[in-house]
Amino acid sequence: MTVAARLAELGIQLPEPASAVANYVPFVQTGNLLHISGQLSNDASGGIKGTVGADVSPEQAKNAARLCGINLLAQMSAALGGDLERVVRVVKLGGFVQAAGDFEAIPAVINGCSDLMVEAFGDKGRHARSAVGVYRLPLGFAVEVDAIVEVR
């Protein structure tokens, strides 16, 4: 099954990829590695903002990480001319959660993005990862995830 077919089966339609909001580019390809800048937990409705463990529940945060994953897929698609079949492997995700001081379930939150990569790419979506709790994220969003992807 193709990645596009898997996404359709999941009911996911990729959004227009976000433009850079500062002095960076959304993605850079060097050799066979595609580096995708951090994608926030935003969507057409505005997304999921706030502090996890305070005003954002763990389940909402996991959904926020899934939104980040959808936005990563949109950037991958843009970088690869719409052909997600060119993805050889999702190599690494870097996950950041705007977390309350006593919130420790950071890895469970980032699973929202990790699970999506496996759903979309199968075994090619299994990856190395970091999951970090931070004081603040850009524009108040709850989660941000960046990626390194091997492509052909």
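The structure, a predicted model, holds zero disulfides. A disulfide is a covalent bond between the sulfur atoms of two cysteines, so the place to look is the cysteine side chains. For cysteine 68, the closest cysteine sulfur belongs to cysteine 113, and the two sulfur atoms are 6.5 Å apart, too far for a bond. Seen from the other side, cysteine 113 has its closest cysteine sulfur in cysteine 68, again at 6.5 Å. Because a disulfide calls for sulfur atoms within 2.5 Å, the pair does not qualify at its separation of 6.5 Å. Cysteine 68 is buried, with a relative accessibility of 0%, and cysteine 113 is buried as well, at 0%.

Attention now turns to charged side chains. Side chains of opposite charge can pair when their charged atoms come close. Here the count comes to three salt bridges, and each can be followed in turn.

One of these salt bridges joins aspartate 115 and lysine 62, with 3.8 Å between the closest N and O atoms. This pair links distant parts of the chain, since aspartate 115 sits in helix 3 (residues 106-121) and lysine 62 in helix 2 (residues 58-79), 53 residues apart. That distance of 3.8 Å passes the test because the cut-off for a salt bridge is within 4 Å. How accessible are the two partners? Aspartate 115 is partly exposed, its relative accessible area being 33%. Lysine 62 is also partly exposed, with a value of 29%.

Another salt bridge is formed by glutamate 119 and arginine 66, whose closest N and O atoms are 2.9 Å apart. Glutamate 119 belongs to helix 3 and arginine 66 to helix 2, so this pair, too, ties together parts that are 53 residues apart in sequence. Glutamate 119 counts as partly exposed at 34% relative accessibility, and arginine 66 likewise counts as partly exposed, at 23%. The label fits arginine 66 because buried would require a value under 20%, whereas arginine 66 has 23%.

The remaining salt bridge brings together the side chains of arginine 126 and aspartate 123, with an N to O distance of 3.2 Å. Is each partner buried, partly exposed or exposed? Arginine 126 counts as partly exposed at 45% relative accessibility, while aspartate 123 counts as exposed at 59%. The two labels part ways because exposed means over 50%: aspartate 123 is at 59% and arginine 126 at 45%.

How values were computed: Residues are numbered from 1 along each chain as its sequence is written. This is a predicted model: local features need pLDDT of at least 70, side-chain atom pairs count only at pLDDT 80 or more; totals for chains, interfaces and linings use all residues. Side-chain values use heavy atoms; hydrogens and water are left out. Helices (H or I, at least four residues) and strands (E, at least two) are DSSP runs, numbered from the N terminus. Buried means under 20% relative accessible area, exposed over 50%, partly exposed in between (1.4 Å probe, protein chains only).
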